[in-house]
Amino acid sequence: MAAASQADIKIHMRDLSKVFETRKGPFVAIDRLTLDIPTGCFFMIVGPSGCGKTTLLRILAGLESQSAGELVIDQPKTSQRPGNSMVFQGDSLFPWMNVWDNAAYGLHMRRRPTAEIKEIVGHYLARTGLSKFKESYPHQLSGGMRQRVSIARAFANDPDILLMDEPFSALDEQNKLLLQEELLKIWEETRKTVMFITHSVDEAVTLGDRIMVMSAHPGRAKTIVDVPFARPRSVLELRAQPEYGEFVYQIWGHLRDEVHRARALDEAGVA
Amino acid sequence: MTATSSQPQTWLKLMQGQRELILNIVSPLIMLLAWEIAARLGWIDVRFFPAPSKIFATLIKLIETGALWKHLSASMQRLFWGFLFGGIPALLLGIAMGLNRTFRAVLDPIVSATYPIPKSAILPLILLIFGLGEASKIVMVAVGIFYPILINTIAGVLEINKIYFDVSRNFGARGWQVFRTVAFPGALPLIMTGIKLGVGMGLILISLAEMVGAKSGLGYMMWNAWEILSVETMYVGLLVIAALGIVFTLVLTEIERLIVPWKATR
């Protein structure tokens with residue numbers, strides 16, 4: 001793969017570190033992470049729990065700041081777009097707003113014209129199969145539907161970068177598969193830069209262009225692998241290919257040691 | 001099979017519900033009837049416990065002369081203004097204290113220190129400062145309503161899951177928008193609880209304040225009845241205040257169902 005020119009790099013990290021001060025002393029969540037993510041890349045991060053993946057995403061989202069290092073996100077100064085929108089892990093829809101208002105939240109906060117909000121939110125609710133439920137409140141929806149609203153909310157905000165923090169981890173296998181398929185379809189429309197966290201190797205291979213395997217305690221990049229499968233992808237067809245299984249096995253090889261090491265560290269910490 | 005067996009069950013449930021409703025209505029009626037009989041037969045002292053029929057007759061008389069309406073509307077107006085002057089500052093301050101750590105650290109000791117003071121105990125001070133006019137009654141109600149709403153609003157904001165603040169920040173909400181879209185609606189369930197408690201407190205304090213320094217209102221009506229030994233009027237006052245309490249609770253519960261729909265079905 002030819003080296004991407006400087007202009008094509010969307011997210012640029014140099015020696016990015018995050019240290020939390022805890023009662024037991026400093027805890028290094030992310031240790032000198034250096035990473036370039038090209039524009040339009042569907043970038044997956046897999047790693048054991050405690051490897052700082054969520055912290056990394058929160059730094060990118062502007063909800064935390066790094067302790068050291070450089071983070072540059074390439075966005076035209078004149079752009080009207082918000083820098084990023086996040087699909088949070090677990091229930092993050094406002095229970096006091098109906099589906100429509102939840103999906104329109106970002107646009108409302110940026111005071112976009114009513115006609116524009118109507119068109120965009122209508123589009124993404126239709127794409128996620130939620131048009132009939134726009135008046136419903138989150139507590140009236142299933143977990144899968146709630147996560148669809150969360151995805152519609154992020155896409156409707158039309159951000160430069162989409163951040164996804166294990167958005168499907170709480171769903172059952174069937175729902176997960178459907179939503180992965182839907183996510184890929186919606187993503188194909190715009191091909192935004194995506195940073196997606198998961199603990200599922202299957203999910204990483206199914207969705208991603210590039211996978212970073214992280215190690216835990218401290219969080220470091222262990223390896224970065226390009227996913228060789230062509231787009232547009234169909235989740236089921238992809239999984240039927242023998243190459244898919246081989247590739248998943250390869251990624252697992254990188255991850256397995258890390259999971260074991262993280263578990264050993266956890267057990268040592270508990271004892 | 002399941003359809004046929006579930007039908008008698010739902011019937012049974014309906015009957016159960018109706019049975020409870022009937023019991024709910026019948027039991028107070030029986031008590032009233034027993035009271036009436038006891039009063040007529042002279043088993044209880046009618047100077048203290050006049051027969052319900054006498055109380056009812058007095059109620060009709062007070063409605064016909066317009067006296068009840070005069071006192072009721074005086075009390076309601078004081079409640080209304082007290083609710084406004086006590087409730088709105090409590091709400092704003094509560095949300096500010098819930099959102100801002102520094103603010104909370106500064107004001108919490110003052111709130112904690114003044115909250116346990118019985119509000120009835122400050123009536124003399126309020127009368128001294130605000131005089132015998134309307135202001136002292138409104139202030140009493142306002143003070144009584146202030147604390148339950150303040151404390152519940154703070155708790156309501158603190159109880160909001162942090163993820164909602166993260167979402168609002170990530171999606172570009174700033175300042176007032178965070179207040180309007182997260183802090184206020186998120187705290188609303190507990191704010192409603194505070195309002196219900198506050199209204200109850202307001203009813204207690206308005207009757208008390210009117211007994212001491214007023215020439216109108218339900219509290220005055222009852223105090224005056226004691227002075228002229230019109231026991232039936234006292235009972236009418238109690239009846240009306242009890243009815244007010246029930247009506248307020250019903251109305252507030254209905255409002256709660258409408259504005260907090262996500263809690264109603266839980």
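A polar contact here is a pair of N or O atoms within 3.5 Å; within protein, one of the two must be able to donate a hydrogen and the other to accept it. With that in hand, let's walk through this predicted model, starting from a single side chain and working outwards.

The side chain is that of A:Asn102, a residue of helix H2 (residues 99–103) of chain A. It reaches the backbone oxygen of A:Met97 at 3.0 Å. A polar atom of the A:Asn102 side chain also lies 2.9 Å from the backbone nitrogen of A:Phe94. Is A:Asn102 buried or exposed? It is buried, because its relative accessible area is 0%, and the cut-off for that word is under 20%. Setting aside neighbours within four places in sequence, the residues in contact with A:Asn102 are A:Leu93, A:Phe94, A:Met97, A:Pro138, A:Val149 and A:Arg153.

Let's step back to the chain as a whole. The domain assignment splits chain A into domain 1 (1–60 + 170–271) and domain 2 (76–159), and the centres of these two domains, taken over C-alpha atoms, are 25 Å apart. Where they meet, 15 residues of domain 1 of chain A are in contact with 14 residues of domain 2 of chain A. Together the two domains bury about 1,300 Å², with 60% of that area on carbon and sulfur atoms.

What holds polar interest at this boundary? Three salt bridges are found across the interface of domain 1 and domain 2 of chain A. A:Lys192 and A:Asp158 meet through their side chains in a salt bridge, 2.6 Å from N to O. The count of residue pairs in polar contact between these domains is six, both partners being at pLDDT 80 or more. On the domain 1 side, helix H1 (53–60) and helix H6 (173–190) of chain A each supply at least two residues. H6(A) gives the largest share of that side, 10 residues. By class, the domain 1 side comprises eight nonpolar, two polar and five charged residues.

Chain B has its own division, into domain 1 (1–49) and domain 2 (52–263). Their centres, again over C-alpha atoms, are separated by 32 Å. The contact draws seven residues from domain 1 of chain B and five residues from domain 2 of chain B. About 490 Å² is buried between them, and carbon and sulfur atoms give 59% of it. The rule finds zero salt bridges across this interface, while two residue pairs are in polar contact, both at pLDDT 80 or more. On the side of domain 1 of chain B there are four nonpolar, no polar and three charged residues.

Finally, we can bring the two chains together. Chain A contributes 26 residues to the contact and chain B contributes 20 residues. The chains bury about 2,000 Å² between them, 64% of it on carbon and sulfur atoms. Which residues of chain A lose the most area to chain B? They are A:Trp96, A:Met109 and A:His139, together 33% of what that side buries.

One salt bridge is found across the interface of chain A and chain B: the side chains of A:Arg58 and B:Asp166 meet at 2.9 Å, N to O. Seven residue pairs at this interface are in polar contact, both at pLDDT 80 or more. Strand E5 (84–87), helix H3 (105–109) and helix H5 (143–156) of chain A each give two or more residues to the side that touches chain B, and H3(A) provides the largest share, four residues. By class, that side of chain A has 13 nonpolar, nine polar and four charged residues.

How values were computed. Residues are numbered from 1 along each chain as its sequence is written. Chains are lettered from A and ligands numbered from 1 in the order in which they are written. This is a predicted model: local features need pLDDT of at least 70, side-chain atom pairs count only at pLDDT 80 or more; totals for chains, interfaces and linings use all residues. Side-chain values use heavy atoms; hydrogens and water are left out. Contact means heavy atoms within 4.5 Å. Buried area is the accessible area (1.4 Å probe) that two parts lose on being put together, summed over both. A salt bridge is a side-chain nitrogen of Lys or Arg within 4 Å of a carboxyl oxygen of Asp or Glu. Ala, Val, Leu, Ile, Met, Phe, Trp, Tyr, Cys and Pro count as nonpolar, Asp, Glu, Lys and Arg as charged, and the others, Gly among them, as polar. Domain bounds come from an automatic or database domain assignment. Buried means under 20% relative accessible area, exposed over 50%, partly exposed in between (1.4 Å probe, protein chains only).
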